[in-house]
Amino acid sequence: MKIKNSILTLLLFFTLVPVLVFGLFSIYETNQTIDEMAEKNLKAVSQNQIMNIQKFCGDRREEMEMVANYSLTQDAIRYSLGESDDPVDQEYVNNVLKERKKYGTYVASVSILDKNFHVVGSSESYDISEISELKYVDERFHTGDFIIGDSYERETDDGLKKIVPAYIGVFWNDNLIGYIAEELDTAYFDQLRLNMDSLAEGTFYLLDGNYAIITAGTTTQKESLSGFTSSQKDREDFQKAWDAIDHEENPQGEVRYHYQGMSYITYYSNVECTDWGVRITENLSAQKKSANNYSFLMAFAVAFVTFGVLITQNIMTKRLLAPIEKIMDTFTRIKTEQDYSLRIPVESKDEMGKLSAGINELLAYIEDEDIQEKQRQRHLRELAELDPLTGIKNKKAIEQSVLSMVQQAAENDGQVVIGFLDIDDFRDYNTNFGHQEGDAVIQFVAGVLQRELKGFVGRNGGDEFVFGYAGDLDKSEIETVISRILKELNENYISPRTKKLMPVPCSIGIVSARGDSLDYANLVQKADEAMYRAKEAGKNTFYIIEL
């Protein structure tokens, strides 16, 4: 019995000890691999968030450059500086900026300034002689280069907002003549933080050049933190590691430190064209909880199943180490190729399979963000305000122009003139000569109205046009202009089909009003009524209603 016990003891010793040693070594290597994988995953997510911020800044730069290159913008600034004698319709400039704001992503306001910092146009209310605060801020904003400044709060037309300013120069013949200024709502960055659903116990900080918080918090805190979550004393280990970095040489990198007995890592980066800094902090100890639990179960199983060494090792190799290597290989390829369409092969339904599937969902989300951004930009382009046939305002733009003109004139006790034009018997053109002839007639009428009328001109739909003007005009002046238009419509149209002159008779209704009588709905109704009175009077004439 003693020999049997000795042999059993020897067998257990020479099987259990090697198995335990081998198992513990394998668990250690596995934990190291999982740690590396978790850190790479976090780094990829952090870099993507930094890329999203920089992409947002880049998109704003492209949008502002587009406005800076508008001939309308340059003409308005040159007229403000006295370098051009051609006046620009101020109301139209403001309306264009309001449209830019409406379709801009998280844009609180858009303004045009001349080089003397006078406000030339804005999506918000302003005084003609108003001087922008840009004149008194950092000299870097005066170079014309694109730059985004520090955050502040102010009462906008849409309420109290926390915003950051963005500036870019407007050039004429390579000379700086003014600026485009946007105020960007920091709610965009709050939303960006809330979409980071991969952090375990991490915190996202976006700081401006004064180290003030633009947005901060976890992925579940809808309201941004107003201060740091720990005291200066608590951050001593972090501050020591942070101060040891040459940030000029290393504007982007990582900091590792300990806080309350746990390991943390902070990925940081500067943001191009700003003084901002991004800090994404994660609790590595929290990331490793699932790995530690799994390691304990593995050690317990190895200690009690001594005779299953080969089977256990085979399972560990196939189900754990091999999937981890595939995950690491995929991360390496993503980092090298910057291709978020790559996916990790999911070959099982165990923990590693779920982990692979979860990482694939994260990669799909990152890829989808880029696709959605492109779709949003395409949608904005489709919402153009011009009529595709004539190039003048469409119905939606007409309504906005009339409403804005009437509201401003009512506030200033000014005069407005609104007119409706309808081509008489327009159906005959399509019926007798074809739709191409009808389109040519519509384009001819639009061209005549654009040449002869001040203010705005738009196509309301079909063969109906609307025009409007804010300014002092007596009835005789209106009659002179409208008579000239009718004369040109009846004498100057050459049919593209026959190459012969063909009259284009039209009925025009005009309403003129001032001050207290200005009511949007009533004016539109009266203009339409005047047009029908012109038709009742025999067509090819006009009728004026003065309120």
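Which residues point one way from β11, and which the other way? Before you click, note that this is a predicted model, where local features need pLDDT of at least 70, side-chain atom pairs count only at pLDDT 80 or more, and totals for chains, interfaces and linings use all residues. Residues are numbered from 1 along each chain as its sequence is written, and side-chain values use heavy atoms, with hydrogens and water left out.

**Stop 1: β11**

Select residues 277-283, which make up strand β11. Strands here are DSSP runs of E with at least two residues, helices are runs of H or I with at least four, and both are numbered from the N terminus. Turn on the side chains: Gly277, Arg279, Thr281 and Asn283 point one way, while Val278, Ile280 and Glu282 point the other way. In a regular strand, side chains alternate between the two faces of the sheet. Seven of the seven residues in β11 are buried, meaning under 20% relative accessible area (exposed is over 50%, partly exposed is in between; 1.4 Å probe, protein chains only).

**Stop 2: the neighbours of β11**

Now add residues 203-207, strand β7, which pairs with β11 in the antiparallel sense over five bridges. Two strands count as paired if DSSP finds at least two bridges between them. Look for Thr203, which sits opposite Thr281 of β11.

Next, add β10 (residues 262-270), also antiparallel to β11 and joined to it by seven bridges. Here Tyr267 has Ile280 as its bridge partner. The two strands make a hairpin with six residues between them, and Cys273 in the turn has a positive phi of about 65°.

**Stop 3: β6**

Jump to residues 175-185 for strand β6, where nine of the eleven residues are buried. Bring in β1 (residues 107-114), an antiparallel partner over seven bridges, and find Ser111 facing Ala181 of β6. Then show β5 (residues 159-172), which pairs with β6 in the antiparallel sense over ten bridges. Ile163 has Asp185 of β6 as its bridge partner. The β5-β6 hairpin has two residues between the strands, and Asn173 takes a positive phi near 55°.

**Stop 4: a charged patch**

Finish on the surface with Asp474, Glu477, Glu479 and Glu546, which gather in a patch of negative charge. Patch residues have over 30% relative accessible area and no salt bridge, with like charges joined within 9 Å; a salt bridge is a side-chain nitrogen of Lys or Arg within 4 Å of a carboxyl oxygen of Asp or Glu. Glu477 belongs to helix α13 (residues 475-491), and it counts as partly exposed because its relative accessibility is 36%.

Methods: Patches are made of residues with over 30% relative accessible area and no salt bridge: like charges are joined within 9 Å, nonpolar side chains (Val, Leu, Ile, Met, Phe, Trp, Tyr) within 5 Å. Accessible areas come from the Shrake-Rupley method with a 1.4 Å probe; for residues, only the protein chains shown count as cover. Lys and Arg count as positive and Asp and Glu as negative; His and the chain ends are not counted. The place of a charge is taken as NZ of Lys, CZ of Arg, CG of Asp or CD of Glu.
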